[in-house]
Amino acid sequence: MIRLLIAAVFCCLAILCSAQTDSVSVKNNREDFLFFLLANHQFDDFNFLGDKLLGDSTVSTGYKDTVAFVMAESFQKQKNDSAAIKYYKMVSDQSPFIYASQLKVANFETGIKQYDAAYHRIDELYVGNDVVLSELKTFQLAGISLLKKNITAFDSLTAGFIPSTPVINSELNEISVAALQLQSSKRKSPFVAGALSAVVPGLGKVYTGKKGEGLAAFLKVVPLAAIALENYNKHGWKDPQFLIFGSLFGLFYVGNIWGSTLSAQIVYNERINEINHNIRFSLNVSVENIFR
């Protein structure tokens, strides 16, 4: 009986030693396993292990920065912007990933029109004597100034600015075109648009640049007016058909005027949104190409 008990104790000790060795092995290899999970698109396990590493006090700050950045990149590719921003912001100021992280957070901020926050974030980046980072910083600040419609600030930042980095130079040309487009984009007068459509249905929309909608409005309103007038001339104002078509004419006529006044603002907003989209695209392209 005693022999059996001693044998059982030795067996348990062997199992415990083995388990401890496996635990150390897992701890040493889990960092590599994290990237194995990512490479095999096992995102749930990757996110779980990544969070464990970020919360582990025994993991170095440098490696945590790497994990946070890779997790942010993963979430960005999965179109999960809020999670990507969360992990980009975890990258410490001492990390070589800080520049890419801060610039990408700024790009997300411009996407939700937090232009001041994005400008301040990039303006605070210390780039030292690094020519590429210095040019990238200037370019990003110039682009955000355009998004803020601050042409004066854009001109100040780009005056004499000729980037030596090809991708930045190319994208600077693109946003310079956008700057000219912003300056030439004028909002059409809602009053003039409404007045024109009051005289000739649809003419106000043609004035704002929506020729197809203007023609459609004309083809709706004028035939109704003609039918209503014909029934009035034949049967008088009490005629049911006159009342029906006259009411429809009035409804579409007023709608045509109101729609034309709104069209002036809508067309302007669409134009500005298109220009802003092109600016943000150029800002993003410069970051992605330099840090890929």
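This passage describes the overall make-up of a predicted protein model, followed by helix α4 and the residue K205.

The protein contains 13 helices and zero strands, so that from the N terminus on every element in the order α-α-α-α-α-α-α-α-α-α-α-α-α is helical. Of the 292 residues in the protein, 38% are buried. The exposed surface comes to about 17300 Å², and 61% of this area is supplied by carbon and sulfur atoms. Among contacts between residues at least 6 apart in sequence, 58% join residues at least 24 apart.

Helix α4 spans residues 81–88, and its buried residues are A83, A84, Y87 and Y88. These residues cover an arc of only 135° around the axis, and therefore lie on the same side of α4. This spacing can be set against the general geometry of such elements. An α-helix has 3.6 residues a turn, so residues three or four places apart point the same way. The buried residues of α4 pack against three elements, namely α2 (43–54), α3 (61–77) and α5 (98–111).

K205 is found in helix α11, which comprises residues 203–208. The relative accessibility of K205 is 16%, and K205 therefore counts as buried, the cut-off being under 20%. The side chain of K205 makes a polar contact with the side chain of E213 at 3.2 Å. E213 is also one of the residues that K205 touches when those up to four places away in sequence are not counted. The others in this set are S197, K210, K211, G214, G259, S260 and S263.

Terms used: Residues numbered from 1 in each chain as written. Predicted model: local features only at pLDDT ≥ 70, side-chain atom pairs only at ≥ 80, totals over all residues. Heavy atoms only, no water. Helix = DSSP H or I, 4+ residues; strand = E, 2+ residues; numbered from the N terminus. Buried < 20%, exposed > 50% of the residue type's maximum accessible area, 1.4 Å probe, protein only. Polar contact = N/O pair within 3.5 Å; in protein donor to acceptor, adjacent residues only side chain to side chain. Contact = heavy atoms within 4.5 Å. Areas by Shrake-Rupley, 256 points an atom, 1.4 Å probe, with all protein chains shown as cover. Arc of directions from axis to C-beta.
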